[in-house]
Amino acid sequence: MDLTAAARPFFNMAVVVPSVLFKVRPLAGAPLRATQDPRWVRWLLTGIALGFLGFFLVLPLVAVFGEALRRGLGAYFTAVGDADALASVKLTLIAALISVPANVVFGVPAAWCIAKYSFRGKSLLITLIDLPFAVSPVISGLIYVLVFGAQGWLGPWLIEHDVKIIFAVPGIVLATTFVTFPFVARELIPLMQAQGSEEEYAAITLGANGWQTFWRVTLPNIKWGLLYGVILCNARAMGEFGAVSVVSGHIRGETNTMPLHVEILYNEYNFVGAFAVASLLALLALVTLVLKSIVEWRHAQAHAA
Amino acid sequence: MKTSNHLIFALLIFLGGTGASAKNIQLLNVSYDPTREFYAEFNPAFAAHWKAQTGDTVVIKQSHGGSGKQARGVIDGLQADVVTLALAADIDALHEVAQLIPRDWQQRLSHNASPYTSTIVFLVRKGNPKAIKDWNDLVQPGVAVITPNPKTSGGARWNYLAAWAYARRHTGSEAGAQKFVASLFKNVPVLDSGARGSTTTFVQRGIGDVLLAWENEAHLAQKEFRAEGYEIVVPSLSILAEPPVCVVDKNVKKKGTQAVAQAYLEYLFSEEGQHLAVRHFYRPTSPAVARKYAQNFPQLELVTIDAAFGGWPQAQKTHFADGGVFDQIYAR
């Protein structure tokens with residue numbers, strides 16, 4: 001079942017045929033392929049790349065787990081099982097569980113509108129979707145304080161009706177949703193644009209209604225892109241620090257998400273605790289990355305099929 | 001065994017969420033940075049005391065950060081039952097900006113509503129390699145001084161005013177003091193937003209030759225990092241820092257926690273509260289406890305904010321308001 005070996009002749013043909021047909025001519029003096037570079041150049045570049053990766057990615061990651069386990073497994077599990085740490089895990093999961101679906105519900109229709117229709121104000125909508133990428137997360141948090149804070153526009157009304165937004169869970173969910181808003185939509189727009197509207201037109205011509213078109217035609221086409229967007233969105237939602245920090249109020253065991261709790265523990269000289277919670281975050285990130293790779297691989301498979 | 005108990009307990013809380021029975025009371029204490037360890041010990045002590053007195057269970061939640069930032073949070077709607085901040089000016093803001101408390105809040109408890117006091121000292125590296133003895137050593141070229149930003153940190157404002165008081169004494173003029181403080185801040189490589197941030201900069205990141213710190217913060221850092229051998233240098237003159245406490249009237253009325261919040265603050269002035277303060281290197285305000293632990297705290301000349309700077313509103317306006325003296329010397 002060596003598919004790659006079976007596919008190789010076709011691959012070689014795909015490379016060779018165009019150069020024969022179009023008489024590809026290398027630039028004067030430039031090598032035709034990168035692999036024709038001298039061996040030492042290849043080794044040097046690969047070495048630099050690997051060294052860089054090791055130094056800036058692997059080493060810190062190892063350090064996080066190393067610090068977390070410095071006083072042994074018992075200390076690690078005590079730190080992870082601490083009530084405040086668990087409360088922060090719970091809050092982080094709640095924030096992600098609300099903001100990610102919300103971004104799917106908003107992101108898919110937004111991408112659909114932008115990619116499949118043309119209308120006045122379309123570029124304005126695209127700009128609005130990109131806004132959370134452009135604004136610093138701290139500013140995003142401050143916007144919510146200005147709107148919902150006791151001195152803000154809606155503050156007095158909210159206090160009168162005893163509705164808590166900032167310095168409580170709703171504010172944290174709002175801030176998380178805001179900063180992660182572009183991920184799903186941004187992932188889908190280029191994909192949907194590339195796919196064009198022909199299949200949808202065909203479906204409508206054959207008598208499908210709007211919902212059937214979306215469910216049977218569009219969604220199957222975008223599902224891998226959507227999943228990829230959801231995974232990225234989730235990673236950011238769990239890791240968000242700046243915006244959440246502004247609206248959190250930093251109440252221990254109540255309004256601290258995992259990144260905020262890590263900072264608090266670090267400031268209390270509780271390094272094992274800080275790195276233990278950080279290692280949980282890192283594990284979540286690794287799980288996310290693995291999922292991402294699986295999705296990418298499945299996506300490639302689906303395309304190849 | 002202990003670990004598994006912890007785990008089960010934590011799991012119960014995790015699953016149970018915030019479900020609370022009728023006589024469970026929750027208080028929120030919004031505090032500044034270096035009080036973390038003190039309140040971590042004081043809160044259970046008060047909870048036990050309150051349980052013995054009334055039978056009610058009280059859980060005290062903590063929020064810590066730079067004093068000015070924390071005050072801003074309460075003004076913006078953080079539902080604090082009590083605030084325990086670094087200086088009176090930050091609590092004054094709760095009255096001025098949001099009318100959360102009456103103007104005369106500081107008269108409601110004894111000792112200017114400050115259950116413990118502290119002062120500003122220097123923390124230097126092992127063996128004091130730059131031979132720092134007093135404030136005038138901090139303006140020497142090549143000495144890196146770590147202090148937080150007076151705009152956001154209460155401790156930093158006390159640092160600044162202590163330096164000012166020293167310089168005014170030795171130069172005899174406000175102009176001389178301004179020049180001295182300006183050259184001191186020329187030696188500051190990083191301004192963190194809170195006292196704890198500055199301590200980590202000095203201790204963890206190894207930046208600077210001397211940290212201007214709360215006396216209690218300096219002792220805590222020395223204790224936490226015994227191996228590094230940090231030394232505390234007490235200058236010839238410093239400032240009497242009074243970190244005050246206050247019930248946030250508007251919030252406790254709404255939550256119905258007035259009585260317990262009041263009792264919580266009063267307990268800070270009790271014998272046990274004062275002993276705990278001493279354990280965490282705060283200077284007690286109770287004369288009896290102060291006499292008992294006199295040898296714990298070195299004697300030095302302490303000026304007060306009222307005598308040396310005409311009180312916090314005046315000092316705040318002159319030095320730390322937008323366009324004030326600090327802005328002028330730091331803008332350069």
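**Close-up 1. The lining of the second largest pocket, by residue class.** In this predicted model, the lining of the second largest pocket is made up of 13 polar, eight nonpolar and eight charged residues. The lining counts 29 residues, and those nearest the pocket's centre are A:S245, A:H250, B:K69, B:Q70 and B:S193. The volume of this pocket comes to about 740 Å³.

**Close-up 2. The elements around the second largest pocket.** Have a look at who contributes here. From chain A, α6 (137-148), α11 (242-248) and α12 (258-267) each supply at least two lining residues, as do β2 (57-65), α3 (67-75) and α7 (195-203) of chain B. Which element gives the most to the lining? That is α3(B), with four residues.

**Close-up 3. Strand β2(B) and its β-α-β unit.** Besides supplying residues to the pocket lining, β2(B) is mostly covered, with seven of its nine residues buried. Strand β1 of chain B (residues 24-32) runs parallel to β2(B), and nine bridges join the two. To find your way along the pair, start at B:I25, whose bridge partner in β2(B) is B:V58. Together with helix α2 of chain B (residues 36-54), β1(B) and β2(B) form a right-handed β-α-β unit.

**Close-up 4. A salt bridge between the chains.** B:R36 and A:E268 form a salt bridge, with 3.2 Å between the closest N and O atoms. The pair crosses from helix α2 of chain B, home of B:R36, to the loop between α12 and α13 (271-304) of chain A, where A:E268 sits. Are these two residues buried or exposed? Both B:R36 and A:E268 are buried. Salt bridges with shared partners also join this pair with A:D84, A:R252 and B:D33 into one network.

**Close-up 5. B:K255 and B:D81, a link within chain B.** The side chains of these two residues meet in a salt bridge, at 2.9 Å from N to O. B:K255 belongs to helix α9 (residues 249-255) of chain B and B:D81 to the loop between α3 and β3 (82-84) of chain B, so their pairing ties together parts 174 residues apart in sequence. The partners differ in exposure: B:K255 is partly exposed, at 35% relative accessible area, whereas B:D81 is buried, at 0%.

**Close-up 6. B:D209 and B:K130, joining two loops.** Here a salt bridge brings the side chains together at 3.2 Å, N to O. B:D209 lies in the loop between α7 and β7 (210-214) of chain B, and B:K130 in the loop between β5 (120-124) and β6 (145-146) of chain B, 79 residues apart. B:K130 is partly exposed, with a relative accessible area of 39%. Over all chains, the model has 22 salt bridges.

Conventions: Residues numbered from 1 in each chain as written. Chains lettered and ligands numbered in written order. Predicted model: local features only at pLDDT ≥ 70, side-chain atom pairs only at ≥ 80, totals over all residues. Heavy atoms only, no water. 1 Å grid on protein atoms, 1.4 Å probe; cavity = no way out; pocket = protein on both sides within 12 Å on 5 of 7 lines; lining within 4 Å. Points joined across faces, edges and corners; volume = space filled by probe spheres on them. Nonpolar A, V, L, I, M, F, W, Y, C, P; charged D, E, K, R; others polar. Buried < 20%, exposed > 50% of the residue type's maximum accessible area, 1.4 Å probe, protein only. Pairing = 2+ DSSP bridges. Right-handed = clockwise from strand over helix to strand, strands pointing away. Salt bridge = Lys/Arg side-chain N within 4 Å of Asp/Glu carboxyl O.
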